[in-house]
Amino acid sequence: MTAAKHTPGPWVVWVGNYSVWAGEITENTRGGMRGKGLVEIARVNEDEICCETCCEDCQEGYCCDWHTESEAGKQADANARLIAAAPALLKALEDIMEWEEEIRADLRLHTSPGLVLDPARAALAQARGES
């Protein structure tokens, strides 16, 4: 397994902001995020969703309910949650691939089911910057 080069997880979505953060998070509300060693990982489509002028929430940098309930807001939230899950997904896939190698070795198999595992290997290579 290759050593991780990304910011260690867990990553979380800041409530009402469509941004993904890492660190020791102690508070995560619409009004702000607090903790130690906070690092912003990504910001998802915020400029396309929040008008920044319709209300006090938008003017203070987090989207109001009108924006978060829109189709664009729901999609941005889903995208942010997927990004936040990336470290856990990567670890799970690495564990599955390691388990598969152990099983193959125990059974003395020289090949693995490429139909299922080739896309998994390609996804790991992409995540590690190897492709």
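Two strands are said to pair if DSSP finds at least two bridges between them. In this predicted model, three strands form an open sheet in the order β1-β2-β3, and the pairing is antiparallel. The edges of the sheet are taken by β1 (11-13) and β3 (32-43), each of which has a single partner strand, so one side of each is left without a neighbour in the sheet. On average, and with direction ignored, neighbouring strands of this sheet are turned by 50° against each other. Strands of a sheet pair, in general, through backbone hydrogen bonds, either parallel or antiparallel.

Strand β2 (residues 19-29) pairs with β3 in the antiparallel sense over nine bridges, and within this pairing Val-20 has Ala-42 of β3 as its bridge partner, while Asn-28 stands opposite Met-33 in β3. The two strands β2 and β3 are joined by a hairpin through two residues.

On the other side of the sheet order, β1 and β2 pair in the antiparallel sense over three bridges, and the bridge partner of Val-12 is Trp-21 in β2. The hairpin of β1 and β2 has five residues between the strands, and in this hairpin Gly-16 takes a positive phi near 75°.

Trp-21 also takes part in an aromatic pair, the one such pair that a search of the whole structure finds. The ring centres of Trp-14 and Trp-21 are 6.2 Å apart and the ring planes stand at 80°, so the pair is edge-to-face. Both Trp-14 and Trp-21 are buried.

Helix α4 (residues 71-106) lies across β1, β2 and β3, and runs at about 170° to β1.

Methods: Residues numbered from 1 in each chain as written. Predicted model: local features only at pLDDT ≥ 70, side-chain atom pairs only at ≥ 80, totals over all residues. Heavy atoms only, no water. Phe/Tyr/Trp six-rings, centres within 6.5 Å; stacked < 30°, edge-to-face > 60°. Buried < 20%, exposed > 50% of the residue type's maximum accessible area, 1.4 Å probe, protein only. Helix = DSSP H or I, 4+ residues; strand = E, 2+ residues; numbered from the N terminus. Axes fitted to C-alpha atoms, helices over the stretch in contact; angles between N-to-C directions. Contact = heavy atoms within 4.5 Å.
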